[in-house]
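Student: Hi! Could you walk me through the empty spaces in this protein, and then a helix contact?

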Amino acid sequence: MRYVIYGAGAVGSSLGGYLSQTGCQVVLIGRADHIAQIRAVGLTVKDGAGIQRIPVQAVESLADISYESGDVVFLCVKSQDTPAAAADLREWATAELPVFCFQNGVHNEEVVGSFSENVYGVLVAVGVRYVAPGYLIHYAPKALTLGRYPTGLDALVEAIGRDLEAAGYAVTYSTNVMAAKWAKLIMNLSNAFYAITGLSIVEGNNIPEAREFVADLFAEGIRVLDAAGIEYERIPNRLSPQEAVERLRTVHKPHPLPEDADFNYYPSTWQDLQLQRGSSEVAAFNGEIVALGRVVGVPTPLNSLLQRVVEQMVENHELPGKYRIGELRKMLA
């Protein structure tokens with residue numbers, strides 16, 4: 001079995017690097033500058049144990065490798081890039097190709113299912129940041145939940161899970177993985193907030209005003225999903241969306257910032273703005289709630305505001321931290 005990591009950014013590259021360390025056959029597919037650096041010196045990963053360089057095969061496109069029976073694709077592109085990736089994979093492989101969607105958002109599996117007969121959903125709870133070509137910082141636990149799309153489990157899921165566990169990931173399984181990914185969507189609504197304010201997650205958790213804003217944001221998303229009748233379930237070993245709201249509204253002891261600033265936890269939308277990538281997943285996160293809210297008649301002022309602001313920041317090539325929390329509240333008023 002060969003793991004083809006399509007979309008070797010932060011999550012994809014770290015997956016491939018850690019799997020290759022266990023002896024798995026892996027090939028990364030990513031941006032030219034990133035791939036060139038990996039080829040030159042290996043994938044560099046900084047974590048709590050220090051800095052390591054991992055040798056791993058890396059290419060720029062599917063055209064650089066031939067499809068082999070037994071290939072498994074880990075799709076790690078952002079949601080806005082999934083249609084193009086699906087078209088690329090359709091031309092490269094047969095319909096039997098297993099594709100595991102290591103992605104946030106809730107429609108990637110549906111898109112991939114337009115050509116693949118074997119689609120799998122993966123809920124990703126991994127804190128890793130792309131810093132520069134060939135260089136990642138991994139600063140949070142490695143947790144994954146796997147399941148067949150739309151429902152169920154099978155022998156391949158379990159085999160993949162064993163390889164991921166050997167690579168250091170905490171793996172759980174779900175017979176209804178999309179319900180878990182809908183719950184993750186609620187948590188991803190705060191990505192835009194952290195990108196706009198420039199706060200790290202630890203910093204935000206230590207500021208009462210930020211905690212209240214995020215609690216209101218999550219509660220708005222929950223109201224929409226409940227009104228739409230969408231099933232969502234607790235992420236394994238995490239709080240439910242409702243429990244997260246309650247925790248945010250409860251005063252608690254502040255968490256210290258990490259001694260090494262490299263390990264300050266910033267979510268993916270913050271990273272997109274910081275790296276000036278020219279796009280973000282805000283439409284697949286906050287935009288999903290806004291669109292559903294219109295259908296079911298539930299107002300979504302918070303999510304609408306955050307989506308609009310992030311899209312403007314992306315268009316204007318602005319860095320994280322444009323607005324303070326009080327300024328966002330005034331915009332709502």
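Tutor: Happy to; we'll go through cavities, a pocket and then a pair of helices.

Tutor: One thing up front: this is a predicted model.

Student: Thanks. How many cavities of 30 Å³ or more does the structure hold?

Tutor: There are two cavities of that size. The largest has a volume of about 40 Å³, and the second largest holds about 30 Å³.

Student: Which residues line the largest cavity?

Tutor: Its lining is made of Asp272, Leu273, Gln276, Arg277, Gly278, Met313, Val314, His317 and Glu318. Two elements, α11 (268-274) and α13 (301-315), each give two or more residues to that lining.

Student: And how does the lining of the largest cavity divide into nonpolar, polar and charged?

Tutor: It is an even split: three nonpolar, three polar and three charged residues.

Student: Nice. What lines the second largest cavity?

Tutor: Around the second largest cavity you'll find Gln103, Asn104, Gly105, Leu123, Lys181, Lys184, Leu185 and Asn188. Helix α6 (residues 177-188) supplies the largest share of this lining, four residues.

Student: What about the residue classes in the lining of the second largest cavity?

Tutor: Here there are two nonpolar, four polar and two charged residues.

Student: Switching to pockets: how much space lies in the second largest pocket?

Tutor: About 170 Å³. The second largest pocket has 13 lining residues, and those nearest its centre are Pro208, Arg211, Thr250, Val251 and His252.

Student: Which helix gives the most to the lining of the second largest pocket?

Tutor: That's α9 (residues 208-228), with three residues. By class, the pocket lining has five nonpolar, four polar and four charged residues.

Student: OK, helices now. At what angle do the axes of α9 and α13 cross?

Tutor: They cross at roughly 110°, and the axes come within 8 Å of each other. Angles from 65 to 115 degrees count as roughly perpendicular, so α9 and α13 are roughly perpendicular to each other.

Student: Which residues in α9 and α13 meet?

Tutor: On the α9 side they are Phe213, Asp216, Leu217, Glu220 and Gly221, and these meet Pro301, Leu302, Asn303 and Leu306 in α13. The residues of this contact divide into five nonpolar, two polar and two charged.

Student: So which of the spaces we covered do those two helices help to line?

Tutor: Helix α13 is one of the elements giving two or more residues to the lining of the largest cavity, while α9 gives three residues to the lining of the second largest pocket.

Methods. Residues numbered from 1 in each chain as written. Predicted model: local features only at pLDDT ≥ 70, side-chain atom pairs only at ≥ 80, totals over all residues. Heavy atoms only, no water. 1 Å grid on protein atoms, 1.4 Å probe; cavity = no way out; pocket = protein on both sides within 12 Å on 5 of 7 lines; lining within 4 Å. Points joined across faces, edges and corners; volume = space filled by probe spheres on them. Nonpolar A, V, L, I, M, F, W, Y, C, P; charged D, E, K, R; others polar. Axes fitted to C-alpha atoms, helices over the stretch in contact; angles between N-to-C directions. Parallel < 35°, antiparallel > 145°, perpendicular 65-115°, else oblique. Contact = heavy atoms within 4.5 Å.
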